[in-house]
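This briefing is a short tour of selected local features, arranged by topic. Please keep the sequence and the coordinates in view while reading.

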Amino acid sequence: MAYVITAACVADSSCVDICPVDCIGPRPDDPAYDDTEQLYIDPAACIDCAACVDVCPVLAIYEAGALPLKWQHYAAINRQYFRESES
Ligand code: SF4
Ligand code: SF4
């Protein structure tokens, strides 16, 4: 399991610096940050510490198994973001 960022995200990057394994992107210093509608969590790197949940001002982050029904597809959306950036 990993944590997942959902549509509520306002891309303010509060969660980026708190993450101990740097698995949230795009970072503000990434050119992709300027155009992104939200940030994403790399499920392969997330260690389930939940530190990001407490700093998110809009409650956009959920543990994958606790996603609201309407946002369950965001687990795949987060995963896909990092797959595409690897290719
Ligand atoms: S749960 Fe922890 S490791 Fe996973 S994205 Fe949030 S801060 Fe990073
Ligand atoms: S703290 Fe919340 S709103 Fe801000 S970038 Fe992270 S997930 Fe998005």
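Helices (H or I, at least four residues) and strands (E, at least two) are taken here as DSSP runs, numbered from the N terminus. In those terms, Asp48 belongs to the loop that runs between S3 and helix H1, the latter covering residues 51-55. The model is a predicted one, and the points below should be read with that in mind.

**A buried asparagine in helix H2**
- Asn78 sits in helix H2, which comprises residues 74-86, and its relative accessible area is 1%, so the residue counts as buried, the cut-off being under 20%.
- The side chain of Asn78 comes to 2.8 Å from the backbone oxygen of Ile5.
- When neighbours within four places in sequence are set aside, the residues in contact with Asn78 are Val4, Ile5, Gln38, Tyr40 and Ile41.

**Positive phi outside glycine**
- Asp48, although not a glycine, has a positive phi of about 60 degrees, and with a relative accessibility of 34% this residue counts as partly exposed.
- Leu59, likewise not a glycine, has a positive phi of about 55 degrees, and this residue is placed in the loop between H1 and strand S4 (61-63).
- Leu59 has a relative accessible area of 60%, and therefore counts as exposed, for which the cut-off is over 50%.

**A cis peptide bond**
- Gly25 and Pro26 are joined by a cis peptide bond, with omega at about 0 degrees.
- Pro26 lies in the loop that connects strand S2 (24-25) and strand S3 (40-41).

Note on methods: Residues are numbered from 1 along each chain as its sequence is written. Chains are lettered from A and ligands numbered from 1 in the order in which they are written. This is a predicted model: local features need pLDDT of at least 70, side-chain atom pairs count only at pLDDT 80 or more; totals for chains, interfaces and linings use all residues. Side-chain values use heavy atoms; hydrogens and water are left out. Buried means under 20% relative accessible area, exposed over 50%, partly exposed in between (1.4 Å probe, protein chains only). A polar contact is a pair of N or O atoms within 3.5 Å; within protein, one must be able to donate a hydrogen and the other to accept it, and residues adjacent in sequence count only if both atoms are side-chain atoms. Contact means heavy atoms within 4.5 Å.
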